[in-house]
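Colleague: Could you take me through this model? I would like short answers with the reasoning shown.

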Amino acid sequence: MFRQKCEVLSVKRLGAYHSITLVAPEIADDARPGQFVEVAVPPEREFLLRRPFSIHQASRKGGWAGTLEIAFVPVGPGTRWLTDIEAHDFLDVVGPLGRPFPYPTQPNSCLLVGGGYGAAPLYFLAQELRSRGKRVDMIIGARDQERVFKAVEAKRLSVQVTITTEDGSLGERGKVTDALPGMVTRCDTEVVYACGPNPMLRAVAEYCAEQRLPTQVAVEELMACGVGVCWTCVVPVIRRDGSGWDYLRSCIDGPVFSGSRVWWEKWLGGRSAPIQTPPQGFQAEELTVGRAASWPAG
Amino acid sequence: MAGGVSLKTNLSGIELATPVLAASGTFGSGQEMSRLVDLRKVGAVVTKSVTPQPVRGLPTPRMVETPSGMLNAIGLQNPGVEGFIEKEGPFIAGGGVPVIVSIAGKSVQEFAEVAVRVSKLPGVAGIEANISCPNVERRNQVFACDAQAAGEVIGTVTRMTHLPVFAKLTADVTDIVEVAQSCVRAGAHGLSLINTVLGMAIDVETFRPRLGGTTGGLSGPAIRAVAVRCVFQVARALPEVPIIGIGGITDADSAIEFLLAGASAVQVGTANFYAPHSMVEIAEGIGAFLVRRGMSSPMELRGRVVTPGLPAEPAYRGG
């Protein structure tokens with residue numbers, strides 16, 4: 001984890017989204033897919049807290065070595081301020097933070113499911129999985145064509161791709177979860193990774209739980225510090241041995257969790273279900289993240 | 001420090017490198033933050049509150065940003081005193097930074113239990129009693145909102161420990177001086193002023209509270225003026241008692257405001273979330289201020305506010 005004053009290399013528009021590329025050699029060097037950074041907003045504003053952004057791309061070699069790219073949509077005062085940032089401005093960035101997506105040792109066929117700009121970290125993940133000899137397929141969805149995140153890049157990185165839009169303006173009409181059963185069958189999917197709005201993650205995780213497919217989801221919860229001290233960003237997670245559940249911090253214990261261990265009903269509401277048991281068969285590579293595991297909370 | 005200035009502060013017997021401490025619940029026990037902050041330049045760390053048993057806490061959302069501040073409703077999530085000792089004990093014993101353990105409970109007995117356990121932990125510098133908790137034995141009336149209940153907790157805790165005990169008070173009372181006096185009579189070695197201010201925010205689209213816990217604690221610069229007023233009132237009534245000023249401190253000037261109002265030290269809370277280095281910068285800023293004013297210690301600023309024509313009690317409200 002580093003705190004750096006990072007120069008903005010470039011800003012660009014990606015359809016409905018904005019992207020900022022930063023010069024951040026230490027952070028880029030350590031970053032893994034699924035992790036995030038916290039960007040400070042300027043002082044003398046009425047809003048105070050850093051804003052968390054998942055890492056879209058961290059480049060370690062080539063012409064972009066030492067750079068970090070984040071993607072966002074202006075929804076609140078912090079992100080609106082970020083849209084005024086220009087090349088050669090400086091941002092105060094802390095990162096990389098959080099538990100990244102683990103890479104599978106055994107399964108080889110990975111399906112990556114992304115909704116809206118939440119899909120951003122999946123491209124970095126796809127590259128890392130491919131470099132480990134895994135098969136990568138992708139489902140990328142959004143409300144409309146403008147909001148589909150990097151469709152061309154998804155095609156370049158995966159064997160099979162399905163694009164979905166709710167209004168049918170690009171790819172298949174519907175949601176990513178409508179395309180999920182067909183893709184799982186066609187691609188012989190063994191592991192599912194998902195990133196996007198929480199209700200989408202829940203739908204993906206619930207489908208995968210029925211199919212006994214291991215899933216890794218990157219969740220979003222309101223966060224004040226990003227480094228494990230404020231305890232605001234918690235998510236109810238079922239213990240590995242099924243003996244109960246705990247509120248775990250999405251900044252340290254997550255943002256990536258096993259989809260079958262998140263207690264979605266407790267977290268997002270809706271029908272109550274019995275405590276789930278996680279599907280077996282997913283052995284994650286030993287994670288080498290730069291921080292120790294956290295408190296056994298609750 | 002230049003010009004013969006020393007920031008060293010003695011707080012009820014605790015030797016601090018600077019008068020700038022980390023407020024409870026905003027810095028862990030220091031361990032998590034040690035990669036972002038040089039802890040040798042931090043006065044002390046007040047831990048997240050510890051209760052006898054593990055507490056799961058409140059449902060999300062637990063945080064919402066409000067103008068110049070934030071509301072939180074965590075519900076005292078913590079691993080219980082045994083889990084706390086297991087996880088934080090070795091770090092606290094390491095002595096890298098003075099650690100004041102914040103304790104909480106639902107009854108006087110629970111405060112006593114944690115105080116006893118924490119007092120045996122090597123390296124603990126002091127105890128801060130977070131008495132802004134509901135008292136199950138008195139229809140969930142918050143201890144800090146009742147002078148007698150606050151005094152009972154503090155009296156019990158001070159009898160159970162050899163460590164200096166600080167009572168953390170809330171501004172959500174009719175007369176904070178009365179509660180402060182009761183705590184001091186009961187044996188408090190110092191007072192931490194103030195805890196978060198009870199607040200609420202509502203989502204106008206869904207008509208629902210924006211916090212899972214409905215109401216929460218407001219912190220940040222939004223509450224600074226309330227906190228300065230509390231420190232001022234209590235310091236006037238109890239000039240001998242060490243006060244730690246807390247509430248929306250973000251820079252050296254806001255810390256100095258608290259010292260002038262009567263505080264001997266300050267705690268930084270919300271600012272740690274977005275500017276973890278701010279405690280170090282605030283301490284350096286106080287040092288620079290002292291040099292500029294030809295002073296040698298922060299204690300020279302304590303209670304120096306000049307109030308010609310101070311209106312009679314109760315405090316003047318204006319308008």
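Below are questions and answers on the predicted model.

Colleague: Which residues of helix 4 of chain B are buried?

Modeller: Burial here takes 20 or more other C-beta atoms within 10 Å. Helix 4 spans residues 176-185 of chain B. Its buried residues are B:I176, B:V179, B:A180, B:S182, B:C183 and B:V184.

Colleague: What covers the buried residues of helix 4 of chain B?

Modeller: Both helices and strands of chain B take part. The strands include strand 11 (165-169) and strand 12 (190-193). The helices include helix 3 (147-160) and helix 5 (224-237).

Colleague: Is helix 4 of chain B parallel, perpendicular or oblique to helix 5 of chain B?

Modeller: The two helices pack at about 50°, with their axes 9 Å apart. Oblique covers angles that are neither under 35 degrees, nor over 145, nor 65 to 115. So helix 4 of chain B is, relative to helix 5 of chain B, oblique.

Colleague: Is that crossing of helix 4 and helix 5 of chain B left-handed or right-handed, and what is the class make-up of the contact?

Modeller: Helix 4 of chain B passes helix 5 of chain B in a right-handed crossing. From helix 4 come B:I176, B:V177, B:A180 and B:Q181. They meet B:C230, B:Q233, B:V234 and B:A237 of helix 5. By class, that gives 6 nonpolar, 2 polar and no charged residues.

Colleague: Is B:A237 buried, exposed or partly exposed?

Modeller: B:A237 belongs to helix 5 of chain B. Beyond four places in sequence, its contacts are B:V177, B:A180 and B:Q181. Buried needs 20 or more C-beta neighbours, and exposed 12 or fewer. B:A237 has 17 inside 10 Å, so it counts as partly exposed.

Colleague: How far apart in space are B:A237 and B:D172?

Modeller: In sequence, 65 residues separate B:A237 and B:D172. The distance in space runs C-alpha to C-alpha. It is 18 Å.

Colleague: How is helix 2 of chain B oriented against helix 3 of chain B?

Modeller: Helix 2 (residues 108-119) and helix 3 of chain B pack at about 25°, with axes 9 Å apart. Angles under 35 degrees count as roughly parallel. Therefore helix 2 of chain B is, against helix 3 of chain B, roughly parallel.

Colleague: How many nonpolar residues are in the contact of helix 2 with helix 3 of chain B?

Modeller: The crossing is right-handed. Helix 2 of chain B contributes B:V108, B:F111, B:A112, B:A115, B:V116 and B:S119. Helix 3 of chain B contributes B:E152, B:V153, B:T156, B:V157 and B:M160. By class there are 1 charged, 2 polar and, as asked, 8 nonpolar.

Colleague: Which strands stand at the edges of the open sheet 5-6-16-13 in chain B?

Modeller: This sheet has 4 strands and antiparallel pairing. An edge strand has a single partner, so one of its sides is left without a neighbour in the sheet. In chain B these are strand 5 (63-66) and strand 13 (197-199).

Colleague: In strand 16 of chain B, which residue is the bridge partner of B:G199?

Modeller: Strand 13 and strand 16 (residues 216-219) of chain B pair in the antiparallel sense. That pairing runs over 3 bridges. The partner of B:G199 is B:G216.

Colleague: How many nonpolar residues are on the side of chain A that touches chain B?

Modeller: In this interface, 24 residues of chain A are in contact with 28 residues of chain B. The chain A side has 4 charged and 3 polar residues. Its nonpolar count is 17.

Methods:
Residues numbered from 1 in each chain as written. Chains lettered and ligands numbered in written order. Predicted model: local features only at pLDDT ≥ 70, side-chain atom pairs only at ≥ 80, totals over all residues. Contact = placed C-beta atoms within 7 Å. Pairing = 2+ DSSP bridges. Axes fitted to C-alpha atoms, helices over the stretch in contact; angles between N-to-C directions. Left-handed = near helix turned anticlockwise from the far one by under 90°. Nonpolar A, V, L, I, M, F, W, Y, C, P; charged D, E, K, R; others polar.
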